[in-house]
Amino acid sequence: MMNIFSEYKSVWLFLAKFFGVYIAGVLIYNGYLSGYIDHLDSATTFVTEQVAKLLSLSLPQISTFYSCEAPFSEIHYFGVPVVTMIEGCNAISVMILFLAFIIAFTGKFKSYLWFGPLGLVMIYLSNIVRIYLIAMIVLYYPNYIYIAHDYLFPAIIYGTVFILWVFWVKFIVLATNEK
């Protein structure tokens with residue numbers, strides 16, 4: 001049994017760092033959310049406002065609605081709800097997953113300083129675009145909203161994370177270790 005631990009020490013270290021960072025991130029995030037039981041958290045509010053601003057560039061009469069009784073918001077077009085935003089729409093849980101992986105897959109400290117924030121910005125932007133496209137599908141192709149929301153757009157945001165991970169491993173970590 002001890003031979004398995006010593007033989008696969010790097011794998012166990014990777015798993016320990018990944019789950020340690022992931023669990024710590026989730027606990028911190030859940031602590032943050034605990035202050036927002038009956039209203040929407042400020043991160044999701046910020047995402048709602050950003051998507052509404054982006055939509056208003058091409059659509060007149062975009063407005064936002066924030067529930068006073070439950071943690072959700074809506075983006076309205078001519079007063080009609082187009083997109084409902086809940087806590088999960090802010091992509092923070094995806095960002096935590098991204099950070100857990102890059103921290104677990106050891107790189108140089110300088111690489112973390114630029115790649116971590118760059119990755120978070122890319123995930124944030126892909127999430128804003130994702131919600132914008134959901135709104136456009138609701139308005140122009142409502143028959144496709146289910147497949148778009150449940151399959152296409154999760155594939156896009158998780159695909160973005162996967163590409164960032166591959167880039168991290170192949171071009172940052174492995175390329176740096178070969179030098």
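**Figure 1. Gln-61 sits in the loop between α3 and β1.** This is a predicted model. Gln-61 has a phi near 60°, a positive value in a residue other than glycine. Most residues other than glycine have a negative phi. Is Gln-61 buried or exposed? Gln-61 counts as exposed, because its relative accessibility is 53% and the cut-off for exposed is over 50%.

**Figure 2. Phe-78 occupies the loop between β2 and β3.** The phi of Phe-78 is near 55°. That value is positive, and Phe-78 is a residue other than glycine. Phe-78 has a relative accessible area of 52%, so it counts as exposed. Both loop residues shown so far thus carry a positive phi: Gln-61 near 60° and Phe-78 near 55°.

**Figure 3. Three strands make an open sheet in the order β1-β2-β3.** The pairing is antiparallel. Which strands are at the edges? They are β1 (62-66) and β3 (80-85), and each pairs on one side only. From one strand to the next, the twist averages 30°. Strands of a sheet pair through backbone hydrogen bonds.

**Figure 4. β1 and β2 form a hairpin.** How many residues lie between β1 and β2? There are 6. Strand β2 covers residues 73-77. It runs antiparallel to β1, and 5 bridges join the two. Two pairs of residues can be picked out here. Ser-63 stands opposite His-76 in β2. Thr-64 has Ile-75, also in β2, as its bridge partner. In a regular strand the side chains alternate between the two faces of the sheet.

**Figure 5. Helices α3 and α5 meet the sheet.** Helix α3 (residues 42-56) packs on the sheet. It touches β1, β2 and β3. The direction of α3 makes about 165° with that of β1. Helix α5 (residues 109-140) lies across β2 and β3. What angle does α5 make with β3? It runs at about 145° to that strand.

**Figure 6. Glu-74 is a buried acidic side chain in strand β2.** Glu-74 has no salt bridge. Which side chain of opposite charge is nearest to Glu-74? It is Arg-130, 16 Å away. A salt bridge needs the nitrogen and the carboxyl oxygen within 4 Å, so Arg-130 at 16 Å does not qualify. Glu-74 does have a polar partner. Its side chain makes a polar contact with the side chain of His-76, at 2.8 Å. That histidine is also the residue opposite Ser-63. Not counting residues up to four places away in sequence, Glu-74 touches Ser-63, Thr-64, Phe-65, Pro-81, Val-83 and Thr-84.

**Figure 7. Ser-126 lies in helix α5.** Ser-126 counts as buried because its relative accessible area is 14%, and the cut-off for buried is under 20%. Where does its side chain reach? The side chain of Ser-126 reaches the backbone oxygen of Ile-123, at 3.0 Å. Not counting residues up to four places away in sequence, Ser-126 touches Ile-157 and Thr-160.

**Figure 8. Trp-165 lies in helix α6.** This helix spans residues 145-178. Is Trp-165 buried or exposed? Trp-165 is buried, because its relative accessible area of 18% falls under the 20% cut-off. Which residues does Trp-165 touch, not counting those up to four places away in sequence? They are Leu-97, Phe-98, Phe-101 and Ile-102. Lys-110 gives a further reference point for this view. Lys-110 and Trp-165 are 55 residues apart along the chain. Their C-alpha atoms are separated by 17 Å.

**Figure 9. The whole chain sets the close-ups in context.** The protein chain has 6 helices and 3 strands. Along the sequence the pattern is α-α-α-β-β-β-α-α-α. The C-alpha trace spans about 65 × 35 × 30 Å along its principal axes. Of the 179 residues, 35% count as buried; among them are Ser-126 and Trp-165. Among contacts between residues at least 6 apart in sequence, 63% join residues at least 24 apart.

Conventions: Residues numbered from 1 in each chain as written. Predicted model: local features only at pLDDT ≥ 70, side-chain atom pairs only at ≥ 80, totals over all residues. Heavy atoms only, no water. Pairing = 2+ DSSP bridges. Helix = DSSP H or I, 4+ residues; strand = E, 2+ residues; numbered from the N terminus. Axes fitted to C-alpha atoms, helices over the stretch in contact; angles between N-to-C directions. Contact = heavy atoms within 4.5 Å. Buried < 20%, exposed > 50% of the residue type's maximum accessible area, 1.4 Å probe, protein only. Lys, Arg positive; Asp, Glu negative; His and termini not counted. Polar contact = N/O pair within 3.5 Å; in protein donor to acceptor, adjacent residues only side chain to side chain.
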